Amino acid sequence: MNFSMSRSPADFLQHVIGKPVIVKLNSGIEYRGTLTCLDSFMNIAMEGTQEYVDGALKNSYGDAFIRGNNVQYISEIEV
């Protein structure tokens, strides 16, 4: 689903809870999985998480928790 530019970031975040996302960290590492929840500090909980470094799969995790101050962006994965 393409989100209109007139929608707020909070609307986007509510929209992607329970959906597959890419979370890119400031370090460049990407985590792909299902966004299960986040809080007002952008701390993130994910399920079925895979870690990608330089585009290559490095690890797979069941659950992952990411501290919000490390997050560069969150992007929905279109399926």
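**Close-up 1. The largest nonpolar core of this predicted model.** Twelve residues make up this core: Leu13, Val16, Val21, Val23, Leu25, Tyr31, Leu35, Ile44, Met46, Ile66, Val71 and Ile74. Five elements give two or more residues each: helix H1 (9-16), strand E1 (20-25), strand E2 (30-38), strand E3 and strand E5 (71-76). E1 supplies the largest share, three residues.

**Close-up 2. Ile74 and its contacts.** Ile74 belongs to the largest nonpolar core. Neighbours within four places in sequence are set aside here. Ile74 then touches Phe12, Leu13, Val21, Ile22, Val23, Met42 and Ile44. Among these partners, Leu13, Val21, Val23 and Ile44 are also listed in the core.

**Close-up 3. Ser75 in strand E5.** Ser75 counts as partly exposed because its relative accessibility is 27%. Beyond four places in sequence, Ser75 is in contact with Phe12, Pro20, Val21 and Ile22. Phe12, Val21 and Ile22 are also among the contacts of Ile74. Phe65 lies 10 residues from Ser75 along the chain. The C-alpha atoms of Ser75 and Phe65 are 17 Å apart.

**Close-up 4. The salt bridge between Arg32 and Glu30.** The structure holds one salt bridge. It joins the side chains of Arg32 and Glu30, with an N to O distance of 3.0 Å. Side chains of opposite charge can pair when their charged atoms come close. Which partner is buried, and which is partly exposed? Glu30 is buried, because its relative accessible area is 17%, under the 20% limit. Arg32 is partly exposed, because its relative accessibility is 28%.

**Close-up 5. Glu51, a buried residue with no salt bridge.** Glu51 sits in strand E3, residues 44-53. Which side chain of opposite charge is nearest to Glu51? That side chain is Lys58, 8.5 Å away. A salt bridge needs a nitrogen-to-oxygen distance within 4 Å, so Glu51 and Lys58 do not form one.

**Close-up 6. Polar contacts and surroundings of Glu51.** Two tyrosine side chains make polar contacts with the Glu51 side chain. Tyr31 is joined to Glu51 at 2.7 Å. Tyr61 makes its contact at 3.3 Å. Tyr31 is also part of the largest nonpolar core. Residues up to four places away in sequence are not counted in the wider contact list. That list holds Ile29, Glu30, Tyr31, Ala56, Leu57, Lys58, Asn59 and Tyr61. Glu30, a salt-bridge partner of Arg32, is thus one of the residues that Glu51 touches.

How values were computed. Residues are numbered from 1 along each chain as its sequence is written. This is a predicted model: local features need pLDDT of at least 70, side-chain atom pairs count only at pLDDT 80 or more; totals for chains, interfaces and linings use all residues. Side-chain values use heavy atoms; hydrogens and water are left out. Buried means under 20% relative accessible area, exposed over 50%, partly exposed in between (1.4 Å probe, protein chains only). Helices (H or I, at least four residues) and strands (E, at least two) are DSSP runs, numbered from the N terminus. Lys and Arg count as positive and Asp and Glu as negative; His and the chain ends are not counted. A polar contact is a pair of N or O atoms within 3.5 Å; within protein, one must be able to donate a hydrogen and the other to accept it, and residues adjacent in sequence count only if both atoms are side-chain atoms. Contact means heavy atoms within 4.5 Å. A nonpolar core is a set of buried Ala, Val, Leu, Ile, Met, Phe, Trp, Tyr and Cys residues joined through side-chain atoms within 4.5 Å.
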